[in-house]
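Got the viewer open? Keep the selection box handy and follow along.

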Amino acid sequence: MKLWTVYSDYCATGEGRTIHALITYAETKEDALEKFSQTFDKFWALGADVEEGIVKNEVTQYLFSDKVLERVTEIEGRANIKLSAEYHFNFS
């Protein structure tokens with residue numbers, strides 16, 4: 001199994017934003033996306049990006065501290081890992 005990062009940054013009307021990220025083990029890209037769908041919802045999976053490994057980008061660094069991402073990197077392959085977060089706001 002490989003470690004995958006699945007993330008989504010969604011804003012439709014400009015009044016709100018929903019950001020999701022999941023870092024977890026899966027056999028394939030499709031399996032990782034399915035785990036994301038189960039963790040959050042199938043709707044959010046429609047626009048999600050899937051990348052192999054621990055991805056440090058605007059979304060993951062917004063949701064997870066550098067220390068958490070560093071620790072996950074250190075223990076990759078030695079521990080079961082499931083890291084997930086969601087941030088949502090709407091002003092309407």
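What follows is a walk from the whole chain down to single side chains.

**The whole thing first.** Keep in mind that this is a predicted model. Colour by secondary structure and you should find four helices and four strands. From the N terminus onwards, the order is β-β-α-α-β-α-α-β. The radius of gyration is 13 Å, close to the 12 Å that the globule rule gives for 92 residues, so the protein is as compact as a globular protein of that length. Turn the C-alpha trace along its principal axes and the spans are about 45 × 30 × 15 Å. Now switch on a surface: about 5800 Å² is exposed, with carbon and sulfur atoms supplying 47% of it. Of the 92 residues, 40% are buried. As for contacts between residues at least 6 apart in sequence, 61% join residues at least 24 apart.

**Into the largest core.** Hide the surface and select Ile23, Leu63 and Phe64. In the largest nonpolar core, which has 15 residues, these three touch the most other members. Next, show strand E1 (2-10), strand E2 (16-26), helix H3 (58-63), helix H4 (66-75) and strand E4 (82-90), each of which supplies at least two residues of this core. Which of them gives the most? E2 does, with four residues.

Stay with Phe64 and display what surrounds it. Leaving out residues up to four places away in sequence, Phe64 touches Ala21, Ile23, Leu69, Leu83, Ser84 and Ala85. Then move on to a second core, which lies apart from the one you have been looking at and has eleven residues, including Leu22, Ala26, Ala32 and Trp44.

**Down the axis of H4.** Select Leu69, Val72 and Ile75, which are buried in H4. They cover an arc of only 135° around the axis, which puts them on the same side of H4. Show their partners too: the buried residues of H4 pack against E1, E2, H3 and E4. Just after the helix, click on Gly77, which follows H4 and has a positive phi, near 85°.

**The same view for H1.** Helix H1 covers residues 29-39, and its buried residues are Ala32, Phe36 and Ser37. Down the axis of H1 they fall within an arc of 145°, so they line one face of the helix. What do they pack against? The buried residues of H1 meet E1, E2, H2 and strand E3 (49-52). Flip to the face of H1 turned away from its buried side and you'll see the exposed residues Glu30 and Gln38.

**Last stop: rings.** Show every aromatic side chain; there are seven aromatic pairs to look through. Pick Tyr10 and Trp44. Their ring centres are 5.2 Å apart and their planes at 75°, and angles over 60 count as edge-to-face, so that is what this pair is. The two come from distant parts of the chain, with Tyr10 in strand E1 and Trp44 in helix H2 (residues 42-45), 34 residues apart. Is each ring residue buried or exposed? Tyr10 counts as partly exposed at 35% relative accessibility, whereas Trp44 is buried, with a relative accessible area of 18%.

To finish, select Tyr62, Tyr87, Phe89 and Phe91, which form one aromatic cluster.

Note on methods. Residues are numbered from 1 along each chain as its sequence is written. This is a predicted model: local features need pLDDT of at least 70, side-chain atom pairs count only at pLDDT 80 or more; totals for chains, interfaces and linings use all residues. Side-chain values use heavy atoms; hydrogens and water are left out. A nonpolar core is a set of buried Ala, Val, Leu, Ile, Met, Phe, Trp, Tyr and Cys residues joined through side-chain atoms within 4.5 Å. Buried means under 20% relative accessible area, exposed over 50%, partly exposed in between (1.4 Å probe, protein chains only). Contact means heavy atoms within 4.5 Å. The arc is that of the directions from the helix axis to the C-beta atoms. The radius of gyration is taken over C-alpha atoms; the globule rule is 2.2 Å times the number of residues to the power 0.38. Accessible areas come from the Shrake-Rupley method with a 1.4 Å probe; for residues, only the protein chains shown count as cover. Rings of Phe, Tyr and Trp (its six-membered ring) pair if their centres lie within 6.5 Å; planes under 30 degrees apart count as stacked, over 60 as edge-to-face and the rest as tilted.
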